[in-house]
Amino acid sequence: MVKPWWIPSLGRKKDHGFSAMKQNYIQLTRVFLDEEAMINKKLPKELILRIFSYLDVVSLCRCAQVSKLWNELALDGMNWQRIDLFDFQTDVEGIVVENIARRCGGFLKTLSLRGCQSVVDSSLRTFAQQCNNIEELNLNDCKKVTDSTCQSLSKYCPKLQRLNINSCSAISDQSLKDLSEGCHQLTHINISWCDHITESGVEALARGCRKIKVFIAKGCPNITDRAVMTLAHLCPNMEVINLHSCSSLTDDAVQQLAENCLNIRYLCLSGCPNLTDTALMTLAQHCQALSTLEVAGCSQFTDAGFQALARSCHLMEKMDLEECSLITDATIIHLAMNCARLEKLSLSHCELITDEGIRHLSTSQCAAENLTVLELDNCPFITDASLDHLISCYNLQRIELYDCQLITRAGIRRLRNHLPNIKVHAYFAPVTPPPASGATRQRYCRCCVIL
């Protein structure tokens, strides 16, 4: 077997075995570690630096241990413009963030500390002072972060554009007020599950950060109509809005969003039970760019609202109508006729849907070309006939059928014969064993008899 060119011969003299091995180790070390190594001679520093720019954090740290030259190049600030420490979340403490901040300085543009629950305000203050060119910061689930961090960001990071403080439960209105004073370039903000935030904070944010395009506020029950109206008036460029479980919102808030933010393409209103068809009709009138609508649990919506929406919003791609329990096949028929781009449709717990609605859907342009996911959990009138209709939907990748009690294993097998790659999620309750022949069923269990 031919030895690789970089492994020299060890020599045959037994007496000199150790010295030969030592010499070879030195030579081998020089091949990889010497700045005069072949790779360093052939490639200019600028090219090595460019190669390093594509590596992740782990790979850069490994390269930094190869040689002095590679250490210098791997740790160059140009390679540390984007850092994601999610994979190391259990190990990342404040000192790590501070060291990164001092090393990267003004080069750092994007930092994700998602899940790093040991990080505290003092470390993030050092970070803000050192990395004042930061544009995107993810603090999702950093439980120890408080308003003090947003105060530091406001003071030192004027270029901040994207901020995620999802599940930072200590955050209050004061954070949004501070951000509004110093972070005027903010375009994306996620304040989900920060349940201390109220309309006061949102209004302050809207007044100071008028470039907001993405506003995500899931699980913020204290956000009111007034907060959303202010946001709609002062931030008309919003495109993505998530108000999941902002349960006090009414049609008035949605009306202001629709009339002022004409470029909305994603809207989540799931868990807002006070909304009626008026909200859907207003969206239909003003928001023709809408492509994703999530309204799970909006139980007052009816066919009339969705028919109006389908006639106007032809770019619709994803719709979550779970627990919109008043809709019937009429809604599906209008979506099938008008929304040719529809890719994902959830009708779970829409208990009035029947095979007829699925038949119309299966013969539509969207089913033939785009439909990939269909969710029909807890639709009691759906039978195997629906699965037979869906055989022609060649792009269908997943169907949900939990608790569809009229669906059978035979129907699912037929569907899989035509669509072998489809994922079918269904549940079949175990069959109750028949009583033993000739035996009478005991009226009481043994325990009851004893009692």
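**Aromatic pairs, packed helices and loop contacts**

Both F301 and F306 are buried. These two residues come from a predicted model, and they offer a convenient way into its aromatic contacts. Across the whole structure, a search finds two aromatic pairs. One of them joins F52 and W70 in an edge-to-face arrangement, with 5.4 Å from centre to centre and 80° between the planes. This pair links distant parts of the chain, as F52 belongs to helix α3 (residues 45-52) and W70 to helix α5 (residues 68-74), 18 residues apart. F52 is buried, and W70 is buried as well. For F301 and F306, the ring centres are 5.8 Å apart and the planes stand at 90°; the pair is therefore edge-to-face. A charged group also meets a ring in this model: R114 lies over the face of F86, at 3.6 Å from the ring centre.

It helps to set these details against the chain as a whole. The chain contains 20 helices and 14 strands. Of its 451 residues, 46% are buried. Among contacts with a separation of 6 or more, 76% are accounted for by residues 24 or more positions apart.

Helix α10 is a good place to look at packing in detail. Two packed helices are described by the angle between their axes and the distance between the axes. With helix α11 (residues 225-234), helix α10 (residues 199-208) packs at an angle of about 5°, the axes being 8 Å apart. The pair α10 and α11 is therefore roughly parallel. On the α10 side, the contact is made by E199, V202, E203, A206 and R207, and on the α11 side by R226, A227, T230, L231 and L234. Sorted by character, the residues of this contact between α10 and α11 comprise five nonpolar, one polar and four charged.

Helix α10 has a second helical partner to consider. Helix α9 (residues 173-182) packs with α10 at an angle of about 10°, and their axes are 8 Å apart. This makes α9 roughly parallel to α10. From α9, the residues D173, L176, K177, L179 and S180 take part, and they meet S200, G201, V202, A204, L205 and G208 of α10. The contact of α9 with α10 is made up of five nonpolar, four polar and two charged residues. V202 appears in the contact with α11 and again in the contact with α9.

How far is α10 enclosed by the rest of the structure? Seven of its 10 residues are buried, so helix α10 is largely enclosed. The buried residues of α10 are G201, V202, E203, A204, L205, A206 and G208. Their cover includes the helices α9 and α11 together with the strands β5 (188-190) and β6 (214-216). Of the buried residues, E203 and A206 take part in the contact with α11, while G201, A204, L205 and G208 take part in the contact with α9.

Three loop residues show how parts of the chain separated in sequence come together. C272 sits in the loop between β8 (266-268) and α13 (277-286). This cysteine is buried, and its relative accessible area is 0%. Leaving out residues up to four places away in sequence, C272 touches L243, C246, L249 and C298. The C-alpha atoms of C272 and G297 are separated by 7.1 Å, although the two residues are 25 residues apart along the chain.

M316 is placed in the loop between α14 (303-312) and β10 (318-320). Its relative accessibility is 1%, and so M316 counts as buried. M316 and S291 are 25 residues apart in sequence, yet their C-alpha atoms are 3.9 Å apart in space. Not counting residues up to four places away in sequence, M316 touches the run L290, S291, T292 and L293, along with L309, C339, R341 and L342.

The last of these loop residues is T372, found between α17 (365-369) and β12 (373-375). Which residues does T372 contact, leaving aside its neighbours within four places in sequence? They are E343, N395, L396, Q397 and R398. T372 and Y394 are 22 residues apart along the chain, and 8.6 Å separates their C-alpha atoms.

Definitions and conventions
Residues are numbered from 1 along each chain as its sequence is written. This is a predicted model: local features need pLDDT of at least 70, side-chain atom pairs count only at pLDDT 80 or more; totals for chains, interfaces and linings use all residues. Side-chain values use heavy atoms; hydrogens and water are left out. Axes are lines fitted to C-alpha atoms, for helices over the stretch in contact, and angles run from 0 to 180 degrees between N-to-C directions. Helices (H or I, at least four residues) and strands (E, at least two) are DSSP runs, numbered from the N terminus. Angles under 35 degrees count as roughly parallel, over 145 as roughly antiparallel, 65 to 115 as roughly perpendicular and the rest as oblique. Contact means heavy atoms within 4.5 Å. Ala, Val, Leu, Ile, Met, Phe, Trp, Tyr, Cys and Pro count as nonpolar, Asp, Glu, Lys and Arg as charged, and the others, Gly among them, as polar. Rings of Phe, Tyr and Trp (its six-membered ring) pair if their centres lie within 6.5 Å; planes under 30 degrees apart count as stacked, over 60 as edge-to-face and the rest as tilted. Buried means under 20% relative accessible area, exposed over 50%, partly exposed in between (1.4 Å probe, protein chains only). A charge sits over a ring if NZ of Lys or CZ of Arg is within 6 Å of the ring centre and within 35 degrees of the ring normal.
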